[in-house]
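Hello,

Here is the structure I said I would pass on. My notes on its charged side chains follow below.

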Amino acid sequence: MSSHQLKAAAAASGGAATTTTTLEGELGEKLLLHDVAPAPPPVKCSAGAAPLQQKRGDQRRRPREQGAGVGGDDDYRDRFVRAYDRLRDDLLDDDSCELTDEARRWIAQMIDYNVPGGKLNRGLSVIDSYLLLKQGSEVTEDEFFLACVLGWCVEWFQACALLLDDIMDDSHTRRDQICWFRRPEVGLRGINDGILLKCHIARLIKKYFREKPNYIDISELWNEIALQTSLGQMLDLISTHSGANDVAKYNIEVYRRIVKYKTSYYSFYLPVACALLLSGAKLENFSGLRDILIEMGVYFQAQDDYLDCFADPNTIGKIGTDIEDHKCSWLIVQALGHANTNQIEVLLRNYGKKDSASVSKVKSTYSTLELKDMFFEFEDRAYKHLVTSIEAQHDQAVQEILKSFLKKIHRRKR
């Protein structure tokens with residue numbers, strides 16, 4: 001069975017649901033959305049490559065939006081999306097195992113269901129960062145494709161992390177659709193699918209970088225990030241288990257440690273590190289950039305925690321369960337630090353309970369403590385601190401990369 005036939009079979013067996021993503025926040029209008037273009041010539045990089053957003057189910061084509069960039073910038077996103085088909089076919093045609101047609105159909109459906117459905121910000125950040133680092137130079141089609149490969153590897157890693165995290169958290173929805181493991185034909189088979197997604201990354205890197213001088217550096221980066229993220233997940237699970245017995249153990253130091261390793265390294269540092277290695281840079285020369293990206297990840301996760309509790313599930317694409325799951329979230333840490341004795345007693349008695357009455361009591365306490373206002377104040381402080389740190393960077397390309405990340409997340413609504 002050919003890869004194209006597998007695509008048709010996978011689509012027939014149940015494709016990803018469609019959702020609508022809107023750009024919000026005071027910097028949202030600065031995000032440039034890219035449309036379809038014919039096969040492009042080599043790219044002439046210019047400063048200010050724009051951060052990008054994506055609509056679920058609209059990954060193939062998007063009409064030109066008013067205010068979009070001109071020239072070669074218009075098709076960055078579309079060229080990145082088109083690379084997905086090629087990489088997916090590479091994996092389906094991989095001869096490392098004698099798979100049956102049924103197994104290939106399963107893998108095809110599993111990849112399509114889990115990998116390309118998000119906003120693609122992490123993967124596109126590899127492209128944005130690489131072009132900013134190469135500004136003023138011609139980027140060939142082959143060089144651009146290699147950036148796409150690493151960008152999609154980041155998206156594959158994100159899919160693996162989310163798939164396994166949903167199983168461990170017993171989640172119900174993700175990206176406006178039922179979690180993969182909750183499909184009746186999947187169940188705990190999804191654990192092996194998550195492992196497969198992670199293995200796919202090594203196969204793609206080996207296929208396209210094995211003969212490149214940066215192959216070892218790229219492989220070692222991915223191994224290190226995978227370990228850090230897994231350890232971060234372990235810290236999260238341990239704290240969650242401890243919190244089930246004593247929520248009072250949660251504090252900001254515990255929270256920051258979890259977020260640093262579980263989220264910041266792979267979501268923020270990894271895309272830029274990939275771009276740096278592609279451009280020929282040495283990662284040890286960019287520790288300042290790494291530290292700012294780690295802080296940005298903490299800011300990002302605090303936003304996630306706020307949205308999990310207060311945002312409309314139809315907006316964020318999932319039902320928040322941090323309260324029910326004993327999560328060491330930014331909100332519970334702040335609540336414990338500002339509550340009086342009676343309020344702490346309510347939190348300790350109800351946090352981590354699955355029933356709606358307990359969840360309501362926790363949220364009511366959050367409301368009494370004015371955690372919404374507290375979060376907005378935190379967000380303003382974090383934003384100003386990050387801007388100051390970014391402007392202190394001497395390298396202009398580094399500044400532009402960091403600004404592009406900050407624009408994507410500042411006051412986001414999902």
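**Salt bridges and a charged patch**

A search of the whole structure, which is a predicted model, finds 21 salt bridges. I describe three of the pairs here, then a surface patch.

Asp-78 and Arg-82 join their side chains in a salt bridge, at 2.1 Å from N to O. The two residues are 4 apart in helix H2 (residues 76-92), so about one helical turn separates them. Asp-78 is buried, at 3% relative accessibility, whereas Arg-82 is partly exposed, at 36%.

A salt bridge also links the side chains of Asp-166 and Arg-174, with 2.7 Å from N to O. Asp-166 has a relative accessibility of 4% and counts as buried. Arg-174 is buried too, with a relative accessible area of 16%.

In the third pair, Lys-327 forms a salt bridge with Asp-169, and their closest N and O atoms are 3.1 Å apart. This pair links distant parts of the chain, 158 residues apart: Asp-169 is in helix H5 (residues 141-169), and Lys-327 is in the loop between helix H10 (313-316) and helix H11 (330-338). Both Lys-327 and Asp-169 are buried. They belong to one network, in which salt bridges with shared partners join Asp-165, Asp-169, Asp-236, Lys-262 and Lys-327.

On the surface, Arg-86, Lys-206, Lys-207 and Arg-210 form a positive patch. Of these, Lys-206 lies in helix H6 (residues 190-209). Lys-206 is partly exposed, with a relative accessible area of 32%; patch residues need over 30%.

Regards

Note on methods: Residues numbered from 1 in each chain as written. Predicted model: local features only at pLDDT ≥ 70, side-chain atom pairs only at ≥ 80, totals over all residues. Heavy atoms only, no water. Patch = residues over 30% accessible without salt bridge, like charges linked within 9 Å, V, L, I, M, F, W, Y side chains within 5 Å. Areas by Shrake-Rupley, 256 points an atom, 1.4 Å probe, with all protein chains shown as cover. Salt bridge = Lys/Arg side-chain N within 4 Å of Asp/Glu carboxyl O. Lys, Arg positive; Asp, Glu negative; His and termini not counted. Charge placed at Lys NZ, Arg CZ, Asp CG, Glu CD. Buried < 20%, exposed > 50% of the residue type's maximum accessible area, 1.4 Å probe, protein only.
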